[in-house]
Every structure is written in C-alpha cells, then in structure tokens.
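Colleague: Before I rely on any of the labels attached to this model, I would like to go through them and hear what each one rests on.

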Amino acid sequence: MDAYFSDHKDKRCLMLGGNDFIGSKVIDFCTETGIHMGIIDLETHKSMPLEEMFGPTYQCIDSGNQASMENVVDQIITEMGDIDYIVCNYYLDELREEMKNQEESCLKWEEVLQDWGLNYFLLLKTIVARFDDDKKRKIVFFNSARGYTGEGEGEGQLIPEGSIVEAACASGVTGMMTSIARSIIPKGYSVNGIALGEEYKEKWGHIEWAMNLWLTGIGEYSCGETYRVY
Amino acid sequence: MEKEYRPLQERVTLVTGAGGGIGQKICQEFAQLGSHVYMCDIANTQEIADQIYAEVGGIRPTPIQCDLSKKEEIMNMMDQIHKEGHGVDILINNAAIKGPAGKQSFPEMEFEGFKLTIAIDLSAAVHLTLLALPHMREQKWGRILFTAAPLSSSGIPAPYLAGKAGFVGLSKHLASKYKEDHIKTFALALRHTETPMIRRVIASKGIDVDEGLRKMHAKSLTGRMTNPAEIAKLFAYFAVTENPDITGVSLLSDGGITYLR
C-alpha cells in the first residue's frame, strides 16, 4: 500500500471545505504524502489556525458568490501554480449536528443547497475554465450516504436517518456530479465520490483508502462512481 | 375505466407542471379517480382544467398559476389551497425545465441559469414537500410522487439531473422516515417519453420530427416510447394502493434502454 501512496509527492491539491473533520483528515493525508495544499473555506467557517498554517494558499469565500470563488481560486493558483487534485468537501458533521435539534425548513434548505451544491458547482466551473489542457486531473467529491448515491454498488441503500435537506441535497449532488463527470472526463479529468455513512469518523481508514484510490488514478476507469462508507 | 371507480374521492392532489404533457395526463387520471386536483403551472391551465372536467366529471380541477422558481409564490399557492379548506393529500412533483443551462455544456454553463433550473427542478419539490408534510402527518395519510430519471440518461445538464437524482433520494428518505405516518412515496425514473417537448426538441435540431421519433422508438426493446397517459396510470396505480410496504419505490420505466441495450 505504501508504494501506492508515494505517487502523490509534490502534487498540488485544492480543497473546498477545510475546517471540519474530513477537512482536517485530508490535510493530514496530504501533508503525510507530500501533497501541497490550497484550501478554500466559507467565510462563516474561517479557521485562524489554517490561515496561519497555509498563509496565502488558505482563502475564504462568500458562499454561492461566483466572483468571490473566481477571485479566491485565482489567488491560490497564483501562489501554487497548476492543480492536480481537487477535493470538494462540505461541512457534513456540522449539518448533522444542527439538524438533530432543528426543524426542517425552506430557509435551511436554501442555505444547505448554496453552501454545498452550488459551491461545488462554482469551484469546478472555475477550475475547469482555468485548466483546459487535457492534463489528467483528479476530482474527488464528498457526499452523504443519507442521499441517493447512484446506480452502482449499493444502489438504493440509502440510510434512513437524517433530514430532508441532507437527503435531497446529497441526492442532487449525485445527479449534478454525474452530469459534470460526463462533460469533463473526456477532457482528462477523473471525477469520483465518497459518500459518508453514519459512523464515518470511525472509518477514516476506509475514507483514506477510497481517496487514495481516486487520487492515484488506480480507480480512474470508474467514471462518476461513488464509494460508500457505511 | 368506469367513471364510478373513484378511490381518491376524498383526496386533494397537487400536480406541478400541469400545463401539458405528462402533468396534464396525471391531472386527468387523478380527476378521473375522484380527486380534487390543483393544477399548478407557470401558465394558465383554465382551458385544460375545463377540458378535463368535461371529459371525466367528478370535481372540477382548480388551475393555480405559480412560478416555481420563486419560493414566495410557492408559499402563496399553498396558502391559497389551505384557505380553500384543503391540505394537500397527494403531492406530485412533476415540473422540470432544462432551462437556459440546458443549452450550455459544463463549464460554459452560466451560474444564473444553473440556479434558476435547480430552483424549479429540485428546490420547488423540497419546499412543497416541507409545506405539505404537516397536513399529511397529522392525518396519517399522504402520497408524494416524483417524475425522476435514471442517472445514466445521456446529455442531461447538471442542474436538471441534480433535480432528477434529488427526487430519487428524497423519495427514499421520506419513505423510511415517515412510514409510521402512512406517507408513501414513489419515484418514476423515465426515459424517452413521447411528449410535445420531445417533438419540439427534435424539431429544434432541424430533424424531421416523425423520422426522429421513429429512431427513438427503435432504441427501446418494446419498439416504442412511453407516453404521458401510460405514465399517469403508473402514478395512479401507486397512489391508490394501501399496502404499507409499497413505498420508497424507484421504478425505472425506460423500455430497457438503460441496462438492456
């Protein structure tokens, strides 16, 4: 397994959503395997420690704001140069905690859709517009197993816990990423997901395995597929 | 079907995208089954409502004009239904557009077009579901139905497919969470439906419509495309069943195109 991990040395990774459990684990993974990182958080989730650690390659955006996303991506690219890996992460554990004590509402839906689905779209739109050169780049997106995660392994195995907003947004992200995958895989990108189940924090080994699978390109022939961490 | 068979006589149905194609046929089928149907569309559906009433009798369908991209209009629509003394017993999330984003490939797709499409194709169904649920839960009976599509459908723009996949996930989630409240859900994943929209799409590509339709028919194992009336019957067949275990169903109705061709 170690030999496979060494392939990451000096790669450059841009991650959306650094300030949560998955974000911190991805940062650890990248640091240990020699990957250089740029991180984008939402202004509402700004982390001073990450800002101190990463300096100008740590930036925050106004959620759902296209100009803000483009500006921040350009700043990070100026600092880092080309990007090899793009990781889309949403603050899922925070949402799950919130929804334990919060009523479902139309307002919450709009917030979640923007912070999650729309920001994934904006980041990928910005990146793909900046890099249109047939170079092989890897996109990994995090999703929730509480939503519909596609027609491959585990089809229909949706975890019943959780909220309407999480289930609907996760399922929407699946559809959106499938369509985007179809558009950009022929340009050289690989696009695959990792769906987080109930006890995912205790299953980091699975998540790391899946992330490595997608980032190394070992699993490249799986197009738009999602690995489910139940 | 005999006009006397009206198992949905006490039920109020709200159908989105009721102004033509699949939505119109669903309205007709559910009115035929005795339901009071609210026909939601961005266009005025009075003429269609009158036509349905003339054909099937029962309770005259109520046209209700609403721009589903605007949350305020959705809330006003639900308020209107409540003020008329009704709660929505059967919600049919059928409306969808490919929208301005549908003509653009990723990443050229404009963000504003993306947001508009996702507002209609996904957010509207989430809003309507959230607004309809309290009544359904209180009375311990409800149906939430979705016009979905398989992920493998080719050439579908990102926000449209987000809506369709969102429907499948939402349907499964609601089915498991509200089973004890006897709220049942059903998502029908469709491909290749012969609707006026398909005819317009073929024509817009400069292809002879009949020739284009013939080619699409030939792709199916059955040698034909499905049609709105057939789809409406599937929805109705699900809505009338009282078997508590039949819920969260995601039925692929594609003529075998997705996996068998």
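Modeller: A good place to start is B:Pro107, which lies in the loop between strand E4 (90–93) and H4 of chain B; please keep in mind throughout that this is a predicted model.

Colleague: What makes the bond that joins B:Phe106 and B:Pro107 a cis peptide bond?

Modeller: Its omega is about 10°, and the bond is listed as cis. Most peptide bonds are trans.

Colleague: What does B:Phe106 contribute where chain B meets chain A?

Modeller: Together with B:Phe111 and B:Leu151, B:Phe106 supplies 24% of the area that chain B buries against chain A, which is more than any other three residues supply. The two chains bury about 3,300 Å² between them, with 71% of it on carbon and sulfur atoms, and 39 residues of chain B are in contact with 41 residues of chain A.

Colleague: Why is the pair A:Glu110 and B:Lys71 called a salt bridge?

Modeller: The closest N and O atoms of A:Glu110 and B:Lys71 are 3.2 Å apart, and the cut-off for a lysine nitrogen and a glutamate carboxyl oxygen is 4 Å, so the pair qualifies. The count between chain B and chain A is two salt bridges, and there are 10 residue pairs in polar contact, both residues being at pLDDT 80 or more.

Colleague: Which helix gives the most residues to the side of chain B that touches chain A?

Modeller: That is H5(B), with 13 residues. By class, this side of chain B has 24 nonpolar, 10 polar and five charged residues.

Colleague: What makes the phi of B:His182 worth a remark?

Modeller: B:His182 has a positive phi of about 60° although it is not a glycine, and its place is in the loop between H5 and strand E6 (183–190) of chain B. Most residues other than glycine have a negative phi. A positive value is also found at B:His192, where phi is near 55°, and B:His192 lies in the loop between E6 and helix H6 (196–204) of chain B.

Colleague: How do you know whether B:His192 is buried or exposed?

Modeller: The relative accessibility of B:His192 is 19%, and buried means under 20%, so B:His192 counts as buried.

Colleague: Why, then, is B:His182 called partly exposed?

Modeller: B:His182 has a relative accessible area of 42%; buried would require under 20% and exposed over 50%, and the value lies in between, so B:His182 is partly exposed.

How values were computed: Residues are numbered from 1 along each chain as its sequence is written. Chains are lettered from A and ligands numbered from 1 in the order in which they are written. This is a predicted model: local features need pLDDT of at least 70, side-chain atom pairs count only at pLDDT 80 or more; totals for chains, interfaces and linings use all residues. Side-chain values use heavy atoms; hydrogens and water are left out. Contact means heavy atoms within 4.5 Å. Buried area is the accessible area (1.4 Å probe) that two parts lose on being put together, summed over both. A salt bridge is a side-chain nitrogen of Lys or Arg within 4 Å of a carboxyl oxygen of Asp or Glu. A polar contact is a pair of N or O atoms within 3.5 Å; within protein, one must be able to donate a hydrogen and the other to accept it, and residues adjacent in sequence count only if both atoms are side-chain atoms. Helices (H or I, at least four residues) and strands (E, at least two) are DSSP runs, numbered from the N terminus. Ala, Val, Leu, Ile, Met, Phe, Trp, Tyr, Cys and Pro count as nonpolar, Asp, Glu, Lys and Arg as charged, and the others, Gly among them, as polar. Buried means under 20% relative accessible area, exposed over 50%, partly exposed in between (1.4 Å probe, protein chains only).
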